[in-house]
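Please walk through this structure with the sequence beside you, moving from a single supersecondary unit outward to the packing around it.

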Amino acid sequence: MSYEIFTALARSQGDTALVTVINVQGSVPRHPGSKMLVRSTGAILGTVGGGKGEASAIELAVQSIARKRSDALTVEMQGTEAEGDDMVCGGTCRLLVEYVADTTPYAMLLQRLQKGEKVLLVKKLEGPGEGTPAAVLIAVHDEGGAHLQGADAHPDKATAAHCLRTGQPAFSREAGLFYDPIFPDEKLLILGGGHVGRSVAVMATELDFKVTIADDRKALLAPERFPPGVKTICGSYADVAREFPLDSASYVVIVTRGKASDLECIRAILRRTFRYAGFIGSTRKAKMLLDQLREDGFPQEKVAAVHSPIGLDIKAETPAEIAVSILAELVAVRRNAGSTSSLSRAGGRSGRLH
């Protein structure tokens, strides 16, 4: 969703405000870095949690556009709110309401995202401290630390590097700086258009992945099998794996119809850049293929990065359930969730449905 927001923001004409979650305490519906674009009409793109808190943010954003200045809002999701109909999380959320007068930095950011690059926005509150309302965009950093705007910015290099590595925002109350890493569109390449591949494609669109599914069987790529927006490629699995434009924000799910084609795909993918790659199958099949990759000479760290058997251990059996387990693992990687209970530690699955 961030990609869509920045695309709209880069094309706006000064009638927008960008609402960003910059700090949270306790349990809240959205994490730091969540964004919502608000027009002067009150129309929105994205969400910062819904309910009364979001409604208050929209109202303040419309006022900020009219006043042509930024503001901030603290949303309490507890106390008397517990008696209402809204979702009550029991936490506090700090929202930055940024009136965007100059879209040039965001247009630059969008250009870098379109190249598959990570970008770090560093925003300074007008004066130190969490309670200061106004915000100014002071710097855009790439992974090399290049200052694209605001040469007087002095972000902490270690914090900036951590944010770019993990994708997790950070807020320094002392310096009044909000570090907001923006990653490119997350592309999901599904190699295999059978039952499981189709289910993964259908559900992944709701998780904001840009989905492409490939198979050498044209009948499995019929448009009516997939939601709008899912791209299809008919051709050799291995050729697609070699030629698809992967980057550090790409995910690859390998669910072809045979062990040999799975192995061809994995060999191709391991020579590429990716955020996640995994293949379906039993624990025995996984061991056989991973051992083969080591015999092929692939570095141990590369082989260890492959998820197999793919998915989290939720005792899934049907194609839809297996798709849920696979997508749950992708979300865990997206959110840097750390250790998860994967099928590779739980016996795997046969993969006979793919």
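A convenient place to begin is the right-handed β-α-β unit that is formed by β10, helix α5 (residues 195-204) and β11. The model in which this unit appears is a predicted one. Within the unit, β10 and strand β11 (residues 210-215) pair in the parallel sense over five bridges, and L189 has T212 in β11 as its bridge partner. β10 also pairs with β13, again in the parallel sense and over five bridges, and in that pairing L191 stands opposite I254 of β13.

How is β10 placed with respect to the rest of the structure? Five of its five residues are buried, so β10 is largely enclosed by the rest of the structure. Both of its faces are covered, since K187, L189 and L191 on one side are buried, as are L188 and I190 on the other.

One neighbour to consider next is helix α7, which spans residues 259-269 and in which S261, D262, L263, C265, I266, A268 and I269 are buried. In an α-helix there are 3.6 residues a turn, so residues three or four places apart point the same way. The cover over the buried residues of α7 includes β10 (187-191) and β13 (250-254), together with α6 (237-243), β14 (276-279) and α8 (283-295).

These elements meet again in the largest nonpolar core, which has 26 residues and in which L191, V252, I266, F279 and L293 have the most contacts. At least two residues of this core are supplied by each of β10, α6, β13, α7, β14 and α8, and the largest share, five residues, comes from α7. A second, separate core has 25 residues, among them L221, I280, I310 and I326.

F279 deserves a closer look. If its neighbours within four places in sequence are left aside, F279 is in contact with I254 and I266, with K285, A286, L289 and L290, and with V306, H307, S308, P309 and I310. I254 is the residue that stands opposite L191, while I310 is included in the second core.

Away from these elements, T103 lies in the loop between β5 (91-99) and α3 (104-114). Is T103 buried or exposed? Its relative accessible area is 16%, and because the cut-off for a buried residue is under 20%, T103 counts as buried. Not counting residues up to four places away in sequence, T103 touches L9, A10 and S12.

How values were computed: Residues are numbered from 1 along each chain as its sequence is written. This is a predicted model: local features need pLDDT of at least 70, side-chain atom pairs count only at pLDDT 80 or more; totals for chains, interfaces and linings use all residues. Side-chain values use heavy atoms; hydrogens and water are left out. Buried means under 20% relative accessible area, exposed over 50%, partly exposed in between (1.4 Å probe, protein chains only). Helices (H or I, at least four residues) and strands (E, at least two) are DSSP runs, numbered from the N terminus. Contact means heavy atoms within 4.5 Å. Two strands pair if DSSP finds at least two bridges between them. A crossover is right-handed if, with the strands pointing away from the viewer, the path from the first strand over the helix to the second runs clockwise. A nonpolar core is a set of buried Ala, Val, Leu, Ile, Met, Phe, Trp, Tyr and Cys residues joined through side-chain atoms within 4.5 Å.
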